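Grab a pencil and work through these short exercises. Try each task before you read its solution.

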Amino acid sequence: MSLYAIEEPATLDITVVVGNSFNREVQLCDDDGVAIPLSGMAACAQIIDEEEDKLLVEFIVSSLDDDGKIPLLLKTEDTQKLAGCSSARWSLTVFDEANPATYTVTVICGRVTIKDVGLDLKGALA
């Protein structure tokens, strides 16, 4: 199965703790469990405030290979930007680096539960 055969994004809800880093990896596989090759592709993942419909943070996404794996990272300073947000959603979009206007696919989307219980590192890291 090709990446472009994906007709609808999969749903994956996540939880982010304000003040903690968030480091996860997702893997795109076809119906038979075979990794979807991602060489020549790039990815963008974002968290959006649902009430204000504005971008809160973007995940750091490393380079992609043919193993179908997409690493997602939010630094502690990024998760601190989520403090006070009561309703958020996220999405992960993969696109062809050479031709993003033609080959772009949102592969995962979902709700974000934000827990404001993490350590405030602002003073601790100064």
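**Exercise 1. Work out the strand order of the open sheet and find its edges.**

Step 1: The open sheet has three strands in the order β3-β7-β6, paired antiparallel. Strands here are DSSP runs of E at least two residues long, numbered from the N terminus, and two of them pair if DSSP finds at least two bridges between them.

Step 2: β3 (22-27) and β6 (60-61) each have a single partner strand, so they are the edges, with one side of each lacking a neighbour in the sheet.

Step 3: Now look at β3 and β7 (residues 69-74): six bridges join this antiparallel pair. Within it, E25 has P71 of β7 as its bridge partner.

A word on the source: this is a predicted model, where local features need pLDDT of at least 70 and side-chain atom pairs count only at pLDDT 80 or more, while totals for chains, interfaces and linings use all residues. Residues are numbered from 1 along each chain as its sequence is written, and side-chain values use heavy atoms, leaving out hydrogens and water.

**Exercise 2. Which residues form the negative surface patch?**

Step 1: Pick out E25, D65, D66 and D67, which make up the patch. To qualify, residues need over 30% relative accessible area and no salt bridge, with like charges joined within 9 Å.

Step 2: Place D66 in the loop between β6 and β7. Its relative accessible area is 46%, so D66 is partly exposed (buried is under 20%, exposed over 50%, partly exposed in between, using a 1.4 Å probe and protein chains only).

**Exercise 3. Trace the salt bridges made by D53 and E50.**

Step 1: The structure has four salt bridges, each a side-chain nitrogen of Lys or Arg within 4 Å of a carboxyl oxygen of Asp or Glu.

Step 2: D53 pairs with R89, with 2.9 Å between the closest N and O atoms. Since D53 sits in the loop between β4 and β5 and R89 in strand β8, the pair ties together parts 36 residues apart in sequence. D53 is exposed at 54%, and R89 is partly exposed at 32%.

Step 3: E50 meets R111 in a salt bridge at 2.8 Å, N to O. This pair also links distant parts of the chain: E50 is in the loop between β4 and β5, R111 is in strand β9 (residues 104-115), and they are 61 residues apart.

**Exercise 4. What is the sign of phi at D53?**

Step 1: Phi of D53 is positive, near 50 degrees, and the residue is not glycine.

Step 2: Compare with the general rule: most residues other than glycine have a negative phi.

Technical notes. Helices (H or I, at least four residues) and strands (E, at least two) are DSSP runs, numbered from the N terminus. Patches are made of residues with over 30% relative accessible area and no salt bridge: like charges are joined within 9 Å, nonpolar side chains (Val, Leu, Ile, Met, Phe, Trp, Tyr) within 5 Å. Accessible areas come from the Shrake-Rupley method with a 1.4 Å probe; for residues, only the protein chains shown count as cover. Lys and Arg count as positive and Asp and Glu as negative; His and the chain ends are not counted. The place of a charge is taken as NZ of Lys, CZ of Arg, CG of Asp or CD of Glu.
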